[in-house]
Every structure is written in C-alpha cells, then in structure tokens.
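This report looks at the enclosed spaces, the open pocket and the ligand surroundings of the structure shown below. Please keep the sequence and the 3D view at hand while reading.

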Amino acid sequence: MPRFESIDHLREYRRQLMAKRDANQPQVLVCAGPGCLPMGSEEVAAAFREELEKNGLAAKVVLKECGCHGLCAGAVRVLIRPQEITYQHVTSEDVPEIVEKTLKEGQVVDRLVYEDLHTQEKAAYKKDIPFFKGQMPIVLRKLDIIDPTSLDDYLALGGYRGLRKALMEMKPDDIIDAIDHSGLRGRGGGGFPTGRKWRICQEVEDEPKFIICNGDEGDPGAFMDRAVMEGDPHAVLEGMIIGAFAIGASKGYIYVRHEYPLAVSRLQLAIEQARESGFLGKNILRSGFDFDIKISRGAGAFVCGEETALIHSMEGNIGEPSPRPPYPAQSGLFGKPTVINNVETWANVPEIINLGADWFANIGTEKSKGTKVFSLVGAVNQTGLVEVPMGTTLRQIVYDLGGGLRQDREFKAVQTGGPSGGCIPAQFLDLPVDYDSLQSVGSIMGSGGMIVMDTSSCMVDVARYFINFLYQESCGKCTPCREGLKQILFILDEIIHGRGQEEHLGLMEELCNAMSAASICGLGKSAVNPIRSTIKYFREEYLAHIRDKKCHALVCRPLLKYTVDPETCTGCLACVRECPVGAISGKKKMAQEIDQELCVKCGLCYEACQFEAVKIE
Amino acid sequence: MDLPRLETILSRYEGESADLIPVLQDIQDAYSYLPKEELHVVSERLQVPLTQIYSVATFFKMFSLIPKGKHQIKVCTGTTCHLKGSHRVAESLSHRLGVEVGYTTKDMQFSLDTVGCLGSCAQAPVMMVDDKYFGRTTVDKVPKILKLYK
Ligand SMILES: Cc1cc2nc3c(=O)[nH]c(=O)nc-3n(C[C@H](O)[C@H](O)[C@H](O)COP(=O)(O)O)c2cc1C
Ligand code: SF4
Ligand code: SF4
Ligand code: FES
Ligand code: FES
C-alpha cells in the first residue's frame, strides 16, 4: 500500500486498481459476520480454500471472508459473484458440490438456495429474495462484498472519496452545513441532530478538541454496530476523520465493547492501514490537517454507553454519568470540547459528503432522514440485519422482510430501543417507524434492536427481565434510579410468585413517574418504558398473574407445574440425567414421575426430553 | 511477583492516570485476574490511589480480584437469548460443571459467567468459550461443547 501524497495520487491509484480488477472474476464471499461466525464460517471458508486449491482454481477464484450478508437466519451464508447467487445453511460438506457445480459448470445448487416458507418458491439470486428487495442499504452496502481487512477493497468501492471531497473542496463550515442540511440524527438512541452537535463543538473556543465513536452497543438484542465495525471498519474511520476536520479535532477514540474482540482487531488493522496510506496521522493527504485515532476497550458496564459515563471511564474513573449540561460538545473528555457519535452515525457521514446532503434528505420522513439499520431478531422467521428508509412500517419490517412469525404463531409485541425501550403491540403494526413515532407509542428508537415476540413470551417476564437488567447495571449514583428499580423489581417478583395485588400496578406507575422525573441519566429516566408500555398494552396479562395466579405463556417459573405424561414417556432417562435436584424417578424403560416437592421448575427436563413427554401447565 | 511481566505491560503506556483502565485490562488478560501486589505497583506508577483502583476494579464486570479458570464460559442472557431459554443453558452448565454462575471450578478449568449480549442474537441462545462463539446452544448441546475443552 503506498502512502498517498496527493489527491491525484489517490485518484491514479484507484484508477489502476479498477483497471486491474475484472468485474467478471468469480468470487466466493463467505459470511463471517456475527450471525454466521458461531455457526461455522471459519470451517466453511477453510473448506473452500482447500477445494479451490484441489481443483486448480485458487488463482482464478477470489475467496473472501466478509461481514454480515443480512439474512443471518440462513447462516452460514455464501455469496457467489458476479452472478450474485446466494446460498444458505452452508456447511463444509456442501463446499465440493458448490465448487463443482457452480464455479466449474455455472449451475445453481438447488438444495442450498432460499425457499419461501409459504409459497415454497425457490430463489437463487439475491435480487429475487423478498428480504433483500425491500431494503435500501447505505451503511450496510459494502458488508457482503468487501474483505474487511483490505483497504484496496474499500477504495475500489469509492472509499475515502468523501474524505477527499471534504478536504479538497469544502471548508469545515461547509461540511457542518451539509451534515446539518442532510437531517442526519444520532443513531445511538437519542436522535440528536448531528450537524447541530458538531456546530456547538466547533464554536467552542478551546483546544484540543476530541472525537469519540461510541461502539459500546450495550442494548441486548442489537448487533448492527458490531457488524459495521467488523465488516466495514474504514467507513467508521472515514466518517470520524471528516468530522474531526469539520470541528478541528486532533485526536479521536473508538470505544469498543469488551465483548467484541473481533471488532477491536479489525478496527486496529484498519487504523494501521489508514496511517500507512496517509489517511491518518500528520498532514493527511498533504492537506496540512493532522488527526489520529486510538481504540479504547470497554470493561463491561452497560451504563458506559451513556456519553458522560463513557468519557469518565476513558479518563480512568468509574463509569458514573454526570448531569448535562454541560454537554460533551462543550466540555467532554478531559474537560475539552468533544463530539461523541454512534458507529452508525459515523458510517453515514462519508456517503452524505460524497453524494450530497440533498440526496440524503430525500430519504426518510419529515423529521427523520436517511435509513436505519435494525437487528431483527426474536420470533420472526428471517432474523438478521435490515436497513430500511425511515418511515417504513413495522408490518413491512416484521412480515415482508422478516417473513412473519415462526411456526405462524400469533404476533404479540415488538420490543424496540433496548432495555429502556417499550413493547409495541399489534395495534401499531402499521406505524411508520421513526424517532418520533416510536416515542409516541411509548417506546424509543434506541440503537435499533427490534425483538419480535409471539404468544410464547410473557410480558410480565419481559418487564421483569429489563428491570432486572437495569437494576444490575444502574451505577447507583442517584437515588430514584437505584432505589426505584429495586422496588419495581421487588413488586414484579411478587407478581411472578403469585403474590401480586392489583394495587401493585398503580404503585409501579407512581415509582416510574419519580424515576423519569428525577434520575440523572437516560438509564434511570427511560427505565420506565418497559413498565409503562407493558402495563398500558398488556394489563390483562398482569391481571392473570395477579388474580388467577396463571402465566398463560408458560414462562414464569413459580406459577408452573412440570409433569411427565406416562403415555408418551419412553423411560429413556434423559430427563433424569438433566434434573439438578434429583426430582425425577422411575424404572428404566418405564414412565417417570416428578416429585413436586423437590422440583425447582428449571425446565431442563422439558428441554432434554426428545419425546415431548414432559408437560408444563 | 513477576515484575518483568508487569513491566512489559506498563511499558506500553505513558504512565498517566488515564491509562488505568487499559493497564488493568492488560493485567486481567495476562493473569486472568488482578493480583494484589501488582495493583500496588500500578498505584505507584500511575499515581492513582489504591482506593480508586479498587473502585474501578469492582465497578467493571470484566475485572476479577480472584483468579479465573483456564477457560472462560460466557452464556448470553441478553433479551433474545433470554426469550429462547438461555437461563436453562446456564443452569445446565452450572449443574454439569458443579459450579455456580460467577464462579470457577475447583480444578481451575472453567469459569462460568453470564453476559448481557454477545451480538450474535440471530443465533440465540448463544454462548462463548474463550474467543469462540457457539450458536443455537440448547441444553442437549452442552455436553458436546464441554467435551471440546475437557
Ligand atoms: C444508559 C445509556 C446507554 C447508552 N448506550 C449507548 C450505546 O451503547 N451506544 C451508543 O451509541 N449510544 C448509547 N447511548 C447514547 C449516548 O449517550 C449518546 O447519546 C450517543 O452515543 C451519541 O451519539 P449519536 O448522537 O450519534 O447517537 C446510551 C445512553 C444511555 C442513557
Ligand atoms: S439514572 Fe441510574 S444509571 Fe443514571 S446516573 Fe442515576 S443511578 Fe446512575
Ligand atoms: S423442572 Fe427441573 S427440577 Fe423440576 S423435574 Fe424438571 S429438571 Fe427436575
Ligand atoms: S452474519 Fe452471516 S448473514 Fe448475518
Ligand atoms: S441476546 Fe444473546 S447474543 Fe444478543
């Protein structure tokens, strides 16, 4: 990789790169994204390497391990270009056939292609699959085609063009105007206008200034930031360099969650490549502008995703939030003006500069511009990452892209916004999704986790889950959050144990009011959303637990009873081996019985039984 | 105390108080816990009072003041995994290893912990052993996974 001494040099290099690359060269793109990695991406890639070698194709066919291909439900996914044939559920055993049939003979391996669950229609090409048709990828555009460890790949797809334009054709003010005009809002949860944040920071007369990329992604159920950091790390860097130039920052940091080791190594490599090629460091592209980026690893605390807590932990302190104002843009890291934006926000910046603010502002709704990446997970058929224009309805996301619910179960709710979000019931399925509409139904956009729930989920359990999560993660600095969460958790436990009273619902709402009014940070303020939304939309379920002592979804442990059906039990003893308390007894090959006194209702026997002989009621 | 080992870690940093967390992270990674004597040295070098080191070490989940096992098992209890029954996976592991969540087996082979979300939610329930992810880990897969490390 050369060090780019000028814009012309970069342009010339890109031209030569394009000339060298043959658009028709066969490529095998194995997904090694967050959804495929645990299902064996590495084995599949290794099998391809070996098989291509064996067939003398190693020089002719390009093999890459890429970021998320979107439809993670079909892990491990493989994309064959230039035809754009996409295979799913690929294992290393399928590889010889793919090499033989597709790469050598140009045919499709039918059994590995997408099949519509309802019509049974098969689709081999990406363009024919409904999941991909309804999307508008901007942030995710490059994820399934580039090798995240190759700067050449990024450059070949127009990478660092935004930076070139920013440095050569624009003044810092023009850049901020463009971001402002594009209508880009923060993708990390709050939805604060990005251009306005940059302007505030730019106008503060203090030096040095800092840039931070928030890659803490603490919301459980959300993995879009991980996918972008691992799959297209240079896009994040490019956005940050442009932002730094606009506000006059000299140093940047990327704060990455402790649980994302691969994101750390991918970003680290990208930073080194960018330094070598002159996109980072002194005198970037000979423009006179100096800027460098360092990675800061998180240490495992949800509250550190909150910007002031994050900054405190980067200073070497515990991650307790502090009241705002002052905002970080005025006084942030080491008391200096600091712009902190989310991963996806940064990844949008190069494209906005490159294609123009008007282009971006034309996408989306009146007050929420552009696209949003959602991690669509839970009870839908097609789990994965989707990127849609703001204003797409929940129904389109859940049914058209997500392919509806698993086993055609009934939709109960979609949970958005992480632990501080709310549960949205079926009556709002036609809601166009943007920052403001989600808020109007008692939830929030959050970072983009979208967890679909069917009738097998209990909303009281869901509320307890989030409150317990937040109780564990509350930093304890302010009383309403610390004590409020504790009391709400106590009440929910009473309800789940069949000791609930109807007054409890009003009491929880009262506690919510105090917490949202008086907590210091967003954790405590919005911790009320899961409670308020479930009480409002699923009151009946609370009442069933309170009045009838029943959990109809069969989730709340203390209200359940496990029994063995003597008719179906084969006496295989799988459940006996699993039971932690020795509550199951009976002779081998005979029906087993559960001692209700001993049973702790863990459900392990239920899951262990291959014959569905264990029943819950 | 193995001073040269600690020196290698300290030499990567400029010795400022803001380096505290990265230094502790490197020690945790290298030693699998934060040994007391080492923390005394860190306190001197970075000019950070021991009390602050302890407050940081106990605030963040990744730090441990007692040694962790050779293999670290993390079961995801994030929302998606919770809904798909990840607590049963944790319970099964706990039962099979004979250790409570949050603790280490007597032979120092395994530490068992639960975490918020591992970012592979599409394959819930998810667990991790050291740096390797396992997807769709139902209870019946637990023995097979453990076998890989025994
Ligand atoms: C409890 C809490 C947790 C948060 N976690 C994250 C997070 O994991 N990632 C993130 O980008 N923003 C998170 N935020 C929002 C940040 O405070 C901040 O608003 C955001 O990083 C700003 O970037 P944006 O304007 O690009 O969204 C969190 C906020 C709160 C209150
Ligand atoms: S609201 Fe909760 S998390 Fe936020 S500062 Fe207060 S105690 Fe800490
Ligand atoms: S639910 Fe758990 S404790 Fe009860 S019988 Fe089954 S395995 Fe044993
Ligand atoms: S990670 Fe492979 S498709 Fe999402
Ligand atoms: S919720 Fe378990 S991996 Fe995200």
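## Enclosed cavities

A search of the whole structure finds five cavities of 30 Å³ or more, and the model in which they were sought is a predicted one. The largest cavity has a volume of about 110 Å³, and among the 17 residues that line it, those closest to its centre are Lys142(A), Tyr154(A), Glu238(A), Pro350(A) and Glu351(A).

Three helices of chain A, namely α6 (161-169), α10 (233-247) and α13 (343-355), each supply at least two residues of the lining of this largest cavity, and the largest share, four residues, comes from α13(A). By class, the lining of the largest cavity divides into seven nonpolar, four polar and six charged residues.

## The second largest pocket

Turning from cavities to pockets, the second largest pocket has a volume of about 1400 Å³ and is lined by 49 residues, of which Gly188(A), Gly189(A), Gly190(A), Glu306(A) and Arg324(A) lie nearest its centre. The elements of chain A that give two or more residues to the lining of this pocket are α8 (194-203), β10, α16 (435-440) and α20. When the lining of the second largest pocket is sorted by class, 15 residues are nonpolar, 22 are polar and 12 are charged.

## Ligand 1 in its pocket

Which molecule takes up the space of the second largest pocket? The space taken by ligand 1 is this second largest pocket, and the elements of chain A that give two or more residues to the shell around ligand 1 are β10 (338-342) and α20 (522-526). Of the elements, β10(A) gives the most to this shell, with three residues. In total, 19 residues surround ligand 1, and the closest are Gly188(A), Asn214(A), Asn341(A), Asn342(A) and Thr345(A); by class, the shell has three nonpolar, 10 polar and six charged residues.

Contacts to oxygen atoms of ligand 1 come from both side-chain and backbone atoms of chain A. A polar side-chain atom of Lys197(A) lies 3.0 Å from an oxygen atom of ligand 1, whereas the contact of Glu217(A) is made by a polar backbone atom, at 3.2 Å from a ligand oxygen. For Asn342(A), a backbone N or O atom lies 2.8 Å from an oxygen atom of ligand 1. The protein covers 89% of the 610 Å² of accessible area that ligand 1 has on its own.

## Ligands 2 and 3

Ligand 2 is surrounded by 13 residues, the closest being Cys475(A), Cys478(A), Cys481(A), Cys521(A) and Gly524(A), and the shell around ligand 2 divides into eight nonpolar, four polar and one charged residue.

Around ligand 3 the residues are Tyr562(A), Cys579(A), Pro580(A), Val581(A), Ile584(A), Ile594(A), Cys599(A), Val600(A), Lys601(A), Cys602(A), Gly603(A) and Cys605(A). By class, the shell around ligand 3 consists of 10 nonpolar residues, one polar residue and one charged residue.

## Chain B

How many helices and strands does chain B have? Chain B has seven helices and four strands, which, read along the sequence, follow the pattern α-α-α-α-β-α-α-β-β-β-α. Along its principal axes, the C-alpha trace of chain B spans about 50 × 30 × 25 Å.

Note on methods: Residues numbered from 1 in each chain as written. Chains lettered and ligands numbered in written order. Predicted model: local features only at pLDDT ≥ 70, side-chain atom pairs only at ≥ 80, totals over all residues. Heavy atoms only, no water. Near = heavy atom within 4 Å. Polar contact = N/O pair within 3.5 Å; in protein donor to acceptor, adjacent residues only side chain to side chain. Areas by Shrake-Rupley, 256 points an atom, 1.4 Å probe, with all protein chains shown as cover. 1 Å grid on protein atoms, 1.4 Å probe; cavity = no way out; pocket = protein on both sides within 12 Å on 5 of 7 lines; lining within 4 Å. Sits in = over half its atoms within 2 Å of the grid points. Nonpolar A, V, L, I, M, F, W, Y, C, P; charged D, E, K, R; others polar. Points joined across faces, edges and corners; volume = space filled by probe spheres on them.
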